[in-house]
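This note is addressed to a colleague who has not yet worked with the model shown below. Please keep the structure open while reading the points that follow it.

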Amino acid sequence: MLVQIHGQRGDPSLPSGPPPLAQDDSNCDLSIVLDRIHVQVQLTRSERARDEVLVKVQFRDLCVSFGAMPVLQHISLDVAEGEFVCILGPSGCGKSTLLNVVGGFLAPTSGGVAIDGERVTKPDRRRIFVFQERGVFPWLTVEGNIAFGLFDLTEEERRRRIAHYVQMVGLRGFERSYPRELSGGMKQRLEVARGLAVNPDVLFLDEPFGALDSITRLQMRGELLRIWQAEKKTILFVTHDIEESVQLADRVVVMSARPAQIRRIVEIDMPHPRDISSPRYLALRDSIFAEIGLAHQV
Ligand SMILES: Nc1ncnc2c1ncn2[C@@H]1O[C@H](COP(=O)(O)OP(=O)(O)OP(=O)(O)O)[C@@H](O)[C@H]1O
Ligand SMILES: [Mg+2]
């Protein structure tokens, strides 16, 4: 099933919306008039949807090239407030590039991205990114890393927040350790904790659980879902793991290989917690495998 969400707080400077209907219907036969009435009804519905759903992140005809190499082509997507969207695509297709543009770390070649209706032109400390390789600060302890960004809290609230997230990502006993004393998976959990501790309203995550063992990865997915449901955050989550995307997202945006375009948007119409052996889950997962031309067999 294909879905497109429209919202009312888009950046008016970005091109959007269906073309207007012709005004003069005087020479139309009945079927054309009925067709037009049908289109008008659809427009009215989408206008109503526009009043009800707020767009948090809006991509409009985004294109990025590195020199002569096109990486992202004509990406248009609205992410609604409170929505969990997974961007799924093969390695090297441009997923991290997409997040770099959302973060204001990279200027698009054409088109653009708006957050809360404001065009992104530079990094903004209100936006939290958990990047694939950027890593934690090596000169700070576990506590220091989580505390980074909590500067506007009282000492008591900061202590409480640090303890909560240390516990959540399973780093109790390592509060005073430096990243060099942690395993790869522990460092990745620390980075997720640092992002969540700031309590942002929108989270951008680039394969945050990629280096974790399969059990910890499942636990972290569950924890992220719990936080998302409890705190109504908007989440844009990049992954190349099909199972992960179907377990987590409201919608999975399936990208093509580079130069990446949106191939399909799949709505995961299953409530949480999701039964990963249910026929619906398996059908959705297999439809994505088929979409990217993979047989789900080894
Ligand atoms: N700063 C850059 N300069 C030149 N080329 C770049 C730059 N950043 C990325 N690329 C190229 O753009 C393409 C997309 O890279 P990107 O890191 O966005 O892929 P990805 O989908 O995140 O891959 P993965 O799943 O392996 O992380 C690659 O071919 C990469 O070599
Ligand atoms: Mg990447």
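The points below treat the two sheets, a pair of helices and the surroundings of the ligand, in that order.

1. The model is a predicted one. The remarks that follow should be read with that in mind.

2. One of the sheets is open and has four strands, in the order β2-β1-β4-β5. The pairing in this sheet is antiparallel. Its edges are formed by β2 (69–80) and β5 (118–119). Each of these two has a single partner strand, so one side of each is left without a neighbour in the sheet.

3. Within the four-stranded sheet, strand β1 covers residues 55–66 and strand β4 covers residues 110–115. The two pair in the antiparallel sense, over five bridges. To locate this pairing in the viewer, one may start from Cys63, which stands opposite Ser110 in β4.

4. Another open sheet has six strands, and here the pairing is mixed. The order of the strands is β6-β7-β8-β3-β9-β10. At its edges are β6 (128–130) and β10 (262–267), each of which pairs on one side only. From one strand to the next, the twist averages 15°.

5. Which strand does β3 pair with in the parallel sense? Strand β3 (residues 84–88) does so with strand β8 (residues 234–239), over five bridges. A pair of residues that marks this pairing is Phe84 and its bridge partner in β8, Ile235.

6. Two packed helices are described by the angle between their axes and the distance between the axes. For helix α4 (residues 155–168) and helix α5 (residues 184–197), the angle is about 140° and the axes are 9 Å apart. The crossing of α4 and α5 is right-handed.

7. Which residues make the contact between these helices? From α4 they are Arg161, Tyr165, Val166 and Met168, and from α5 they are Ala193, Leu196 and Ala197. By class, this contact has six nonpolar residues, no polar residues and one charged residue.

8. The last point concerns ligand 1. There are 13 residues around ligand 1, and those that come nearest are Phe66, Ser91, Lys95, Ser96 and Thr97. Helix α2 (residues 95–102) gives the most to the shell, with three residues. How do the residues of the shell divide by class? Eight are polar, three are nonpolar and two are charged.

Terms used
Residues numbered from 1 in each chain as written. Chains lettered and ligands numbered in written order. Predicted model: local features only at pLDDT ≥ 70, side-chain atom pairs only at ≥ 80, totals over all residues. Near = placed C-beta within 6 Å. Nonpolar A, V, L, I, M, F, W, Y, C, P; charged D, E, K, R; others polar. Axes fitted to C-alpha atoms, helices over the stretch in contact; angles between N-to-C directions. Left-handed = near helix turned anticlockwise from the far one by under 90°. Contact = placed C-beta atoms within 7 Å. Pairing = 2+ DSSP bridges.
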